[in-house]
Amino acid sequence: MTNNDTNDAMTKQTLLITGGAGFIGSHVVRLLVYKYPDYRIVNLDALTYAGNLENLRDVEHAPNYVFERADITSPDEIKALFEKYRPDGVIHLAAESHVDRSIANPLAFVETNVMGTVNLLNAARNIWKDDAGGKRFYHVSTDEVYGSLGEEGLFTEETRYDPRSPYSASKAASDHFVRAYFHTYDLPVVLSNCSNNYGPNHFPEKLIPLIINNIKQDKPLPVYGDGKYTRDWLWVKDHASAIDTIFHKGRTGETYNIGGNNEWKNIDLVEKLCDIMDELLGKPAGASRRLITFVKDRPGHDRRYAIDASKLKTELGWEPSIKAEAGFRETAQWYLDNDAWLQHVVSGAYQQYYNQQYQTTGNK
Ligand SMILES: NC(=O)c1ccc[n+]([C@@H]2O[C@H](COP(=O)([O-])OP(=O)(O)OC[C@H]3O[C@@H](n4cnc5c(N)ncnc54)[C@H](O)[C@@H]3O)[C@@H](O)[C@H]2O)c1
């Protein structure tokens, strides 16, 4: 029996989260499962290299949680799951998300991020065609669609799209499709574009966990180009809470920028992480900074991203909860405390978890 069979009677509404086994998705799933015990939360994820069900060990037996392994690039699989659960809302996070991988294989990003999104839009349209009242399709996107800023200025919701990498181009295309379904078919959509996230469960190919992991192993700390690329960093649990706010209170058809008001040049961020790790590991001050190594730049590297999130604050009253230093420290401590999680990701052992946990028990 799946969790799904146990809780139909008490369900107020069903939310389908795509990409819920990924970095941000797992924080969104956890928040919703605990905060809304009367919602049924369906986590739809293909479990690519980036999907890790070990991120959700604490919620996997919750009565209001169901996992479905499915691929958003398959229209038939998606249509069948929408007909099975008839979700009242969709929060769409599933994506290929790593810029360097998009440079190596752009087509995979078109398939998942563009075609996968259109498959979901079609499936939602199909089940909501007679009555879309109270329904909502929430598309989670990135500030990278806006391109690159100079030393000054911020991205607003009106900033012209100017994607520079295959990743951001695919996310931009998916955003356009979501808005097109709102205008063409009256599909009740809402969107958000968010800055760089950091925090627990981040796949160690991304900058912050990579630096923390390399410091632990006394390995070189690669920094692209001159290190002066600037990003706005948002605590992942703050992103999850912003998604909850926008999903429930955002206006249909609108876009909301989400940011941490927390700009860092890459080199300053890496040095800050070195200092925090030296302290946590009891190393002499400056020890980890000696590992910093400048490496050949990424092609088409955007210089600076920074978000104006004032619409979200003024309209919906949402603001980030955590200050940078505290968030970086908590993240470093999490990676030190969760070495087994990290080792399973680095060795690939996390990919066995689905088979152990789900297939051998007969559960979905
Ligand atoms: N990480 C960031 O800093 C950031 C910032 C802004 C926006 N976003 C957006 O947030 C979303 C989530 O990002 P993330 O960092 O958690 O990504 P992630 O790579 O950690 O997770 C993506 C998840 O999607 C799943 N997935 C991939 N292809 C799939 C497919 N074809 N069918 C079903 N599931 C599939 C993966 O298995 C994984 O669980 C993405 O849409 C991304 O563009 C990310």
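# Reading sheets, core and ligand shell

Reader: In which order do the strands of the open sheet of 3 strands stand, and how are they paired?

Author: In this predicted model, the order is E7-E9-E11, and the pairing is mixed. At the edges stand E7 and strand E11 (263-265), each pairing on one side only. From one strand to the next, the twist averages 50°. As a general idea, strands of a sheet pair through backbone hydrogen bonds, in either a parallel or an antiparallel sense. Here strand E9 (residues 230-235) pairs with E11 in the antiparallel sense over 3 bridges. Within that pair of strands, threonine 230 stands opposite lysine 265 in E11.

Reader: How should one read the open sheet of 7 strands: in what order do they stand, and is the pairing parallel or antiparallel?

Author: The pairing is parallel, and the strand order is E3-E2-E1-E4-E5-E6-E10. Strand E3 (65-69) and strand E10 (255-258) each have a single partner strand, so one side of each lacks a neighbour in the sheet. Neighbouring strands of this sheet are turned by 20° against each other on average, direction ignored. As one pair within it, strand E4 (residues 89-92) and strand E5 (residues 136-142) run parallel and are joined by 4 bridges. Isoleucine 91 stands opposite tyrosine 138 in E5.

Reader: Across which strands do helix H2 and helix H6 lie?

Author: Helix H2 (residues 23-35) lies across strand E1 (13-18), strand E2 (39-45), E3 and E4, and runs at about 165° to E2. Helix H6 (residues 166-185) lies across E5 and strand E6 (189-194), running at about 155° to E5.

Reader: Which residues have the most contacts inside the largest nonpolar core?

Author: The general idea is that nonpolar side chains tend to be buried together in soluble globular proteins. In this structure the largest nonpolar core has 83 residues, and those with the most contacts inside it are Ile17, Val28, Ile41, Ile91, Ala124 and Leu273. Leaving aside its neighbours within four places in sequence, leucine 273 is in contact with Ile208, Ile211, Ile212, Phe328 and Ala332.

Reader: Why can helix H7 be called largely enclosed by the rest of the structure?

Author: The general point is that an α-helix has 3.6 residues a turn, so residues three or four places apart point the same way. In helix H7 (residues 207-216), 7 of the 10 residues are buried, so the helix is largely enclosed by the rest of the structure. The buried residues are Leu207, Ile208, Pro209, Ile211, Ile212, Asn214 and Ile215. They pack against E7, strand E8 (221-224), helix H9 (266-281) and helix H11 (324-337). Just after H7, aspartate 218 takes a positive phi of about 60°.

Reader: Which of the residues around the ligand come nearest, and which elements contribute to the shell?

Author: There are 30 residues around the ligand, of which Gly19, Gly22, Ala50, Gly51 and Ala95 come nearest. Two or more residues are given to the shell by each of H2, helix H5 (106-128), E5 and strand E7 (196-198). The largest share, 3 residues, comes from H2.

Reader: How does one judge the protein chain as a whole, and how many helices and strands does it have?

Author: The protein chain has 13 helices and 12 strands. Its radius of gyration is 20 Å, close to the 21 Å that the globule rule gives for 364 residues, so the chain is as compact as a globular protein of that length. The C-alpha trace spans about 65 × 50 × 40 Å along its principal axes. Buried residues make up 44% of the 364 residues. Among the contacts with a separation of 6 or more, 83% are between residues 24 or more positions apart.

Conventions: Residues are numbered from 1 along each chain as its sequence is written. This is a predicted model: local features need pLDDT of at least 70, side-chain atom pairs count only at pLDDT 80 or more; totals for chains, interfaces and linings use all residues. Two strands pair if DSSP finds at least two bridges between them. Axes are lines fitted to C-alpha atoms, for helices over the stretch in contact, and angles run from 0 to 180 degrees between N-to-C directions. Two residues are in contact if their C-beta atoms, placed from the backbone, lie within 7 Å. The radius of gyration is taken over C-alpha atoms; the globule rule is 2.2 Å times the number of residues to the power 0.38. A residue is buried if 20 or more other C-beta atoms lie within 10 Å of its own, exposed if 12 or fewer, and partly exposed in between; C-beta atoms are placed from the backbone. A nonpolar core is a set of buried Ala, Val, Leu, Ile, Met, Phe, Trp, Tyr and Cys residues joined through C-beta atoms within 7 Å. A residue is near a molecule or strand if its C-beta atom, placed from the backbone, lies within 6 Å of it.
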